[in-house]
Amino acid sequence: MIEENNIKNFELTQSQLAIYMGQLLNPEAPLYNMAHTFEIPLSIDIEAFQKAFQQVINESDALRTLFFQKNNIPYQSVHSNLKYQSEIIDFSTINDRQVVENWISDRSRVVFDLTKNIFDSVLIKIADSKYLWYLNIHHLVTDATTSTILYKSTLENYFSILKGDKISFSLPPYSNYLAFEKEQLFINQNNEAKQYWEEKTKSLSKLPELYGKRTTALTTKSERVSITLDSRRSQKIKEIAARQDIRSFTPNLTLFNIFSTLLFTYLYRISGQKQLAIGVPAQNRPSKGFKRTPGLFIEIFPLVSSIVDDDSFLTVLNRTKIDTNNYLRYAQPGLVTREINKSFNTILNFINAKFEDFEGIPAKSKWIHPNHCDPAHQLRCHVYDFDDSGEIMVYFDLNESVFNSEMRTNAPEHFLKIIDAFINDVNQPIASVDIATDEEKESLLVDTKNDILDYSIISDFESQVAKNPETIAIRFKKQKFTYSEINNKANQLTNYLVKLGVRKGDKVALHLERSTNYITSVLGTLKLGATFVPISSEQPKERVQYILEDSNCKALISNTKLSSKLVSKKIDIINLDKSTEYIENQSITYKSQVSEIDAIAYIIYTSGSTGKPKGVMISNASLANYINWSKGYYTHKDSYIFPLCTSIGFDLTITSTFLPLVTGGELIIYTESSNGPDISILQVIEDNLVNSIKLTPSHLALIEGSDMSKSILKLMIVGGEDFKTSLANSIQNSVGDNLRIFNEYGPTEATVGCIVSMYNSNLHIGTSVPIGMPIKNMSVYVLDSYHNLVPRGVIGELYLGGSGLAKGYIQNTKLSNERFLVNPFQQNAKMYRTGDLVRFNDSGELEYLGRVDEQVKLNGFRIELADIEANLNQHPKINNVAVVLMDSEKKEESKEVNNCKECGLPSSYPNIDFDDNNVCHLCNSFKGYKEKTDKYFKTEEDLIQLLTSKKDANRKYDCLSLLSGGKDSTYVLARLIDMGLNVLTFTLDNGYISDQAKANITRITEKLGVDHIYGETPHMNKIFVDSLHRHKNVCNGCFKTIYTLSTKVALENNIPFVVTGLSRGQFFETRLSEELFWDEDVNETTIDDTILEARKLYHQEEDAVKNLLDTSMFALDSTFDKLQYVDFYRYSDVSLTEMLVFLKEKAGWVRPTDTGRSTNCLINQAGIHVHKKERGYSNYSFPYSWDVRLGHKNRDEALEEINEYIDEDEVHRMLDEIGYNKSDLDNNKKQLIGFYTSKEKIPSVDLKLHLAKQLPEYMLPSKYKHLKEMPLTKNGKIDKNALRALSDIQLESDVVYVAPTNEIEELVEGIWKEVLQMDQIGIHDNFISLGGHSLAAIRVTARINSELQTNFALNKIFELPTIQEYAVYIESQLMELLQQ
Amino acid sequence: MNKAIINYITDELLNETLEDNLEVDDDLLGGGILDSMGMMKLILFIEKEFGVKVPPEDMIIENFMTVSHITTYLEKKIKLD
């Protein structure tokens, strides 16, 4: 199609690049096809039409453009000639318009081979004088305005040709824009607009989950659905748009603002997210010429809104107006970045372009959707009136992974409801709009008829007694009790209670350990028609006292141990230790009372937000409903054998208490231990006597990992907390398929459990097991804050109705009325407000999503801890998490600093020791091995020999010299040139090289006539931040980046040596250690080998550089064969004066004055500042002390440089710039801490990187703490208060500290403590997490080898990174040696 | 002030030439002389030319309907500054 001709190649614009990459990722999907049909009611002269369109092609270089890649970089080639004939198709004989539509729809899905063609034009005859012009163009070269230009130009030409007029039209070429954008990019490098967009996107980053969908693998398939805005609505909207308080500059701008407001409202309502961004294509045609140029101009910028509580349409609109004005001001060509593109998943495409009527032909166009769309755009909303008909057209393109077919039907209805609400009253709160459709509501309210069971479950127990009197009902310790024995005991107790004056309706507190007595007390109380109030044994005295008073108990059944300290005037205390005789004298028969339907069976106290517990009153009918349902639902072939192993004060235990006894099953009672945490659950699993169990996920986590292959468990009911699928799966796998696991949800206020799901490993693949569907006679309502039912998928608060609802809180009508509301969906009924957030998933099961009220504020941001937890939990290695907000005070020690008399090292340096003469231990020990270090250093002759040893005709360069622009590296370069070597020079532009240093670099490289390249990476700021977190300085990250990028350059250019300008002092910071010189015979090959080995490990360390840059070459040993790293100053002992003279003469180097210090890097001081704050001394103290020790600096020079002034304002500005969270540095800080349990500790940076993918920076915990186990409350939930109470020091060290258990572990621990400069290390602590890097590995290994006379390899410590593992290895090696 | 604004609009912003010369009281927005992007360019020009900053809150029809509205607004603005 394209003739060989004059071709010009260009790079792609920012927008083209984004589209090109999108197409590359989905090569088979026509996701960027822009197809239109234009109806032309004429008998078309085909030849004239072909000619007219050819003219347009001749004038539009965009249509003559093709795309190709070279070295993985995409280019566009503009061809000077393209002869094109539109295909002609005749459908006029077929009288079925649908056939034509189908043909068009199929044709619009062609996938362009971008190297061959970029558009497709067909003239379709549909009647004698009616044609459709079909024009499909790849988005790479078109946008809406382009379509209108091409349509207009073609028709204009066509009529000119018919009339015989001379065609005299021209269109400006797109290549003008290519040049313009390039120029703009340069101009805009650091301007206000660029900063504006950076700020905007920084505030975002978490995408709203549309209808709660957390989908990552998205299809490109999308369906376009129309939202019928009839002429009445269009008219109404236009009327509102004309209002003075609504209107903006132009009617179009007003309409845009209105639709933005409507879309923000819609997104807020279907995602629950308040911080929202919508991608809005900017026309981006900044000059008259560009307005007439065909090609891709649009660029997508975000429009941002922060919804606040009580927002009305008008308040959102008013803010949107302002943001739109900023949008218009700052949407400048070429500014869109990948970060910006990632900040939204919804597009508002408000199209101004219009197809004009022409020569009496009314424009009648149709935009054909190819049923595919960029998957990053989960929702696209198009608003246009192409043909100026007065009716606003609104379309949604809905990604089919996010919107299932039901939602694709409902979503437009929801948006329409929002539009109608807006039309109806712009002042109404946006949270109040009822968006669910009537059909949805009807289906949501199905099955909400609730029957009330009118009986007490005590009759179920008694019928089991009658049926199986001699069957074992209870085992407790070594004792067994039959049903009739238990019944007799209960009857005796009831008779005794009656004697004491306790009557039907009275309350009896049961303050007992788990025991047979407890069960008979429960049964006895119920037989009497009284209410039992269980109070577990570990409750503190004050709390028991409070409950006794609050519940107005008539009697307390307890024992000596538990009741001794209780004081009570009104209450009869039945001390079972003393009253046994009396009770056993009572009659063993009692006729149970019939209680009223509303009579209270039990009162359970739960923690209240006020600090005082609140008593939940559960009626006999509610209890009967739950037990009766569970009997039928959980049923299995054998009779139930349950353990009683959880707290009696927790309503979860109700299941185990009653279910076996009302079904003829057996209850095995495990009493709590008299001291320490209640871990009966472990005993239950070990004994393996029960086939059924009820417990919390946190309990379950305790037994995760124990061998359960022989377990006889068949039924496991899990409740009380969010239940992770990872845990469910691990238990299912370890017990096997015979076990059925249920997730039972229910607040105490709705009787134990009211929503349930059976775990299904195939179906339940999300983070948590869904809580499921409501049980019999219970109803669920998912409501918004205005109590409207929300559509399926949308997150709302869970409200419960039905016969399981509690009768309220005892003695607390106010709270009862707040939580138990009038049920608007059922007559004469209540509904309970749970405070839990839920949504219906696609399978119709409810998912639990956290608490409404577990919301914290940090730095002004409102944060849902559950949100962070859910995301953290998605990390594949994590079992359980808890995130808490901690207040901690950081105490900085302001002790006086003393500096070593010889080297200047400060006393704040860790583990430093001074002798009586004020000389540090490093100086003193150096004196012992100074001579040996001389062997390591060499001469310049050696260097020349080395660098010329691999001379080769094929090599252009002998070596790559790293140039920072500072004096040391400049001297290196100048000397290398002086030596007659061919050098390539490399500088990392980290974004903070001072201008003068850069000028130095230019001057030097020019003067020396040497080839120079700058390396750079877009990830530099992330690397700085990571380095600040890991090393508390910026230099480490920068150095590693330099090594990584320069190695790549060296390999690409076949260069055998990379020469560094590290000072000798820096050798001791990064390469050398005392230990290397311990050997009597210091062998430089051994040292070099060790250093090389350490370098390999260094590049394998998991950090930002490894994760963000290409470091694949370091995994290959061949890299280190091809390439050697040479430290110039190993071979040169030049003095500072000599150096400066040489530099002045040979290199033209000038000391920079714009960095405020002796460095050439501006951000350096930010690193020093952080290091000083965090570690209490400058990161330069240590290398400089070595420079002094080796005679390259004197002490005063070193101290002067170390104590240089730091401009804190400037530091804070730079830290902001790179995205480092400064609050880390502030005292008295509040911080988020992520606690997690997993098999082993996970590097914090991994967790951070994992979370950063899902959450904005401000939601990322500042610390992560690995725990062996989560601390649990008495009820088996995670005890967040206990986590919050941990001190800073406990946070830093391992909570489960395990001291060395043998001599070898002690030896290793001692060495680690010295090298890592720590006070306490547990044997399970991880070397790398403690900050152990390659140099520390050298030191530790050398010390161990010297101590044990072994020769362990350096990498062992990374393979076996804990003291315990390493010690096992040592032991095995020593054993082997002994045996030899 | 009027003249500078009129010249800028006529030279830089108009898509097509007007039949009559642009007058200070011509409705720039309602009359379809400028679209919203054109208005934003005019504001950027004004900011540069007269050294004022037009905050987004001030970008309303009442301040920018005609050239004379603009100069009234600017005079007020300059006085305040």
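Which residue is the bridge partner of A:I351 in strand 13 of chain A? The first view below holds the answer, A:Y384.

This is a predicted model, in which local features need pLDDT of at least 70 and side-chain atom pairs count only at pLDDT 80 or more, while totals for chains, interfaces and linings use all residues. Residues are numbered from 1 along each chain as its sequence is written, and chains are lettered from A and ligands numbered from 1 in the order in which they are written.

**View 1. Strand 13 of chain A and its partners.** Helices (H or I, at least four residues) and strands (E, at least two) are DSSP runs, numbered from the N terminus. Strand 13 covers residues 379-384 of chain A, and five of its six residues are buried, so the strand is largely enclosed by the rest of the structure. A residue is buried if 20 or more other C-beta atoms lie within 10 Å of its own, exposed if 12 or fewer, and partly exposed in between, with C-beta atoms placed from the backbone. Strand 11 (residues 346-351) runs parallel to strand 13 and is joined to it by six bridges; two strands pair if DSSP finds at least two bridges between them. Here you can find A:I351 with its bridge partner A:Y384. Strand 14 (residues 393-399) pairs with strand 13 in the antiparallel sense, also over six bridges, and A:V394 in strand 14 stands opposite A:V383.

**View 2. Helix 8 of chain A and the largest nonpolar core.** Of the 21 residues of helix 8, 19 are buried, so this helix is largely enclosed by the rest of the structure. Its end C-alpha atoms are 30 Å apart, which agrees with the 30 Å expected at 1.5 Å a residue (the expected span is 1.5 Å times one less than the number of residues). Just after the helix, A:G272 takes a positive phi of about 75°. A nonpolar core is a set of buried Ala, Val, Leu, Ile, Met, Phe, Trp, Tyr and Cys residues joined through C-beta atoms within 7 Å. The largest one has 275 residues, and A:I278, A:V508, A:L510, A:V533 and A:L800 have the most contacts inside it. Helix 8 gives the largest share of this core, twelve residues.

**View 3. Where chain A meets chain B.** Contact means that the C-beta atoms of two residues, placed from the backbone, lie within 7 Å. By that rule, 13 residues of chain A are in contact with 13 residues of chain B. Helix 8 (251-271), helix 9 (288-291) and helix 10 (313-330) of chain A each supply at least two residues of this side of chain A. The largest share, five residues, comes from helix 10.

**View 4. Helix 45 of chain A, with one buried face.** The buried residues of helix 45 (residues 1303-1316) include A:I1304, A:V1308, A:I1311, A:W1312 and A:V1315. Seen down the helix axis, the buried residues fall within an arc of 165°, so they line one face of the helix; the arc is that of the directions from the axis to the C-beta atoms. They pack against helix 46 (1334-1348) and helix 48 (1363-1379). Just after helix 45, A:Q1317 takes a positive phi of about 55°.
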